[in-house]
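Hi,

Here is the structure I promised to pass on. Have a look, and my notes are underneath.

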Amino acid sequence: MPNPAGCASLIVMVTISTPALLTDHYELTMLQGALRSGAAHRRSVFEVFTRRLPEGRRYGVTAGTGRVLDAVEAFRFTPEQLAFLERAGVVDRPTLDWLETYRFRGSISGYREGECYFPGSPIMTVSGTFAECVVLETLILSVLNHDSAIAAAASRMVAAAAGRPCIEMGSRRTHEEAAVASARAAYLAGFASTSNLEAGFRYGVPTVGTAAHAFTLVHDSERETFQTQVATLGKGTTLLVDTYDVAEAVRIAVEVAGPDLGAVRLDSGDLLWMAHRVRRQLDELGAVDTKIVVTSDLDEYAIAALAAAPVDAYGVGTQLVTGSGAPTSSMVYKLVARARTAEPDAPLEAVAKRSAGKPSLGGRKHPYRRIEEDGVATEEVVALRPDPALGRPLSFPLIVDGEIVERTDLAESRRLHQESVAQLPVSATQLSRGDAVIPTVYKVD
């Protein structure tokens, strides 16, 4: 149907059947050139690492590895995608023919999800032919950069909360798929639950939720609102008490639900002052076990500022899903070794960038964490040869010859993250600005 301007409206509904086109144009033009030169079939090694942590951060958190494995497994070019590439003139016919049968048959190793990482250390290593590895670059970086940034922010918030649960509530502040990935990454790093139902369905993250201000506003009174919510969800529910007058709302809430009211939520104003006031009022009304949940654009600094307040849980949204000021982990995917010929047994040779400000160290590397007798980490050791004597090994096989050999379990990742942070010096969780809490040391001999 023509629109008011007389132009035909075109609505295109897109369903992503495979992740193959979640990539940059130049990955495929590089592929085309390499197929022409013959370099496409040379054995190659790529490494994912970051040159530096975001300013002020003391450690990074590996997250998204499980999503990477799922994406690599599903990485196929459909007839429709190939037709688009041909129609758009992205690549030539020989390249399309190669893509039609693409399956990743190489190997991937890397840090387990939840493990802390430091600059220069390869958190993922991808090996295979140049062609099969290079087409994965954008997708792998997209997943790891996002999820690791969210997990690092979440880890800082969990540390600031000092044992009080944090709830992920950022779905409405980011892209719908980023919201699901953010909930997963936050849970991995220690958040207790999420408001995102798809994260619960897809990854088993516990979900929670009660009501927003609209639920209060649609009713004729707060009393009616609270009566309806308690009747629907039970006395253990959380009532939102700052739509109008907080003190009056708390009084009505306890009157309606009784002293067994689960919790009240504060979403605005001076949360420190308000939490103390509400706690005192709840206790005076006999609701001594009723908890206080606070929300309202919290970040790790706001959470830390509430440490002395009678707050029982934190709901975090915008600052979490934007990485609390660091929405990317600045990871790169660099070729570090390749064979000189396409022969399967041709030896690998180290290669490296020498660009000003962006140099890299050639050769496949093996990361270890040196742990002292007291259980505290002192160095991240990156070696050109495997040597278990250097410390706790950090890289493990994930895909071997195209087959996934280790699946990520979120419960295990949560446990690993707790152990990994516990091994770092105590200054790792300080919110004051500083460098990486342990140095990265290269062993190249």
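Below is what turned up on the cores, the aromatic rings and one surface patch.

A caveat to start: this is a predicted model, where local features need pLDDT of at least 70, side-chain atom pairs count only at pLDDT 80 or more, and totals for chains, interfaces and linings use all residues. Residues are numbered from 1 along each chain as its sequence is written, and side-chain values use heavy atoms, with hydrogens and water left out.

The largest nonpolar core (buried Ala, Val, Leu, Ile, Met, Phe, Trp, Tyr and Cys joined through side-chain atoms within 4.5 Å; buried is under 20% relative accessible area, 1.4 Å probe, protein chains only) has 62 residues. Leu266, Val278, Val294 and Tyr314 have the most contacts inside it. Helix α6 (residues 137-161; helices are DSSP runs of H or I, at least four residues) gives this core its largest share, eight residues. A second, separate core of 44 residues includes Ala20, Val68, Leu82 and Val91.

On to the rings: the whole structure has six aromatic pairs (Phe, Tyr or six-membered Trp rings with centres within 6.5 Å; planes under 30 degrees apart are stacked, over 60 edge-to-face, the rest tilted). Phe77 and Tyr102 are edge-to-face, because their planes sit at 85 degrees, with centres 6.5 Å apart. Both residues are buried, and ring pairs join them with Phe75 and Trp98 in a cluster.

Outside, Val444 is partly exposed, because its relative accessibility is 47% (that class runs between the buried cut-off and exposed, over 50%).

Cheers

Methods:
Helices (H or I, at least four residues) and strands (E, at least two) are DSSP runs, numbered from the N terminus.
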